[in-house]
Amino acid sequence: MTYDTNNIFARILRGEIPCDKVYEDSHVLAFNDIAPAAPVHVLVVPRGAYRSFDDFAQRAKAEEMQGFFAAIQKIAAMKGLAEGGYRLITNHGADASQTVHHFHVHILGGRPLGGLLAGDVSAR
Ligand code: 5GP
């Protein structure tokens, strides 16, 4: 699967569509999810063109990876989540229901989040 340069997060990164920005630096842009699943629901995206975590893990430089994960920790702290706790989610591919094909991590918090796969997913 090739990277689609017109995916929604690529367009947000290029400034073609607006976002509710939370944080940015040379490695990442972070913004509030348009359909929040928790009181805090921030999406963190790398500036580079990666389709998913799987792609990022194989192709990103060590510096990009370090910058990406350092930014996630910084944003969680900025949002006051370090003490109460937070969850990181990243979806790769169809079984994970990835809908936007630019790598992103969801930061979720601000309330008790329940079990790992709360809701409609059984382990069968
Ligand atoms: P995925 O299922 O790919 O892990 O998650 C994609 C996320 O992107 C969803 O939580 C969805 O609500 C969010 N999203 C989709 N389109 C937009 C958009 O245009 N702006 C923002 N801020 N979030 C979006």
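# Notebook: ligand site and selected residues

I began with the side chain of His41, which makes a polar contact with the side chain of His106 at 2.8 Å. I note at the outset that this is a predicted model, and every distance below is to be read on that footing.

**Entry 1, His41.** I looked up where His41 sits and found it in strand β3, residues 40-46. Its relative accessibility is 6%, so His41 counts as buried, the cut-off being under 20%. I then checked for a further polar partner. A polar atom of the His41 side chain lies 3.0 Å from the backbone nitrogen of Ala37. I also listed the contacts of His41, setting aside neighbours within four places in sequence: Phe31, Asn32, Asp33, Ala35, Pro36, His106, Ile107 and Leu108. His106 is therefore on the contact list of His41 as well as being its polar partner.

**Entry 2, ligand shell.** Which residues come nearest to the ligand? I found 16 residues around the ligand, and of these Asp33, Asn91, Thr99, His104 and His106 come nearest. Two of those names, Asp33 and His106, I had already written down as contacts of His41. I next asked which elements supply the shell. Both α1 (8-13) and β2 (28-32) give at least two residues each. The largest share comes from α1, with three residues.

**Entry 3, polar atoms at the ligand.** I went through the oxygen atoms of the ligand and their polar neighbours. A polar atom in the side chain of His106 is 2.8 Å from a ligand oxygen. For Asn91, an N or O atom of the side chain is 2.9 Å from an oxygen atom of the ligand. Ser97 takes part through its backbone, where an N or O atom lies 3.2 Å from a ligand oxygen. I then looked up the area: the ligand taken alone exposes 520 Å², and the protein buries 81% of that. The ligand occupies the space of the second largest pocket.

**Entry 4, Ser97.** I returned to Ser97 for its backbone. Ser97 is in the loop between β4 (86-89) and β5 (105-109). Its phi is near 60°, a positive value in a residue that is not glycine. Is Ser97 buried or exposed? With a relative accessible area of 52%, Ser97 is exposed, because the cut-off is over 50%. I note that this value counts protein chains only as cover.

**Entry 5, Val100.** I looked at Val100, which is also placed in the loop between β4 and β5. Its relative accessibility is 14%, so I put Val100 down as buried. Which residues does Val100 touch, not counting those up to four places away in sequence? I found Asn7, Ile8 and Phe9. I also took the C-alpha distance from Val100 to Arg51, which is 8.5 Å, with their positions 49 residues apart in sequence.

**Entry 6, Ala60.** Last I checked Ala60, in the loop between α2 (53-59) and α3 (62-78). Ala60 has a relative accessible area of 11% and is buried. Leaving out residues up to four places away in sequence, Ala60 touches Tyr50, Asp55 and Met65. From Ala60 to Glu24 I read 18 Å, C-alpha to C-alpha, for a pair 36 residues apart in sequence.

Note on methods:
Residues are numbered from 1 along each chain as its sequence is written. This is a predicted model: local features need pLDDT of at least 70, side-chain atom pairs count only at pLDDT 80 or more; totals for chains, interfaces and linings use all residues. Side-chain values use heavy atoms; hydrogens and water are left out. Buried means under 20% relative accessible area, exposed over 50%, partly exposed in between (1.4 Å probe, protein chains only). A polar contact is a pair of N or O atoms within 3.5 Å; within protein, one must be able to donate a hydrogen and the other to accept it, and residues adjacent in sequence count only if both atoms are side-chain atoms. Contact means heavy atoms within 4.5 Å. A residue is near a molecule or strand if one of its heavy atoms lies within 4 Å of it. Accessible areas come from the Shrake-Rupley method with a 1.4 Å probe; for residues, only the protein chains shown count as cover. On a 1 Å grid over the protein atoms alone, a cavity is a set of points where a 1.4 Å probe fits but cannot get out, and a pocket is an open set with protein on both sides within 12 Å along at least five of seven lines; lining residues have an atom within 4 Å of a point. A molecule sits in a cavity or pocket if more than half of its atoms lie within 2 Å of its grid points.
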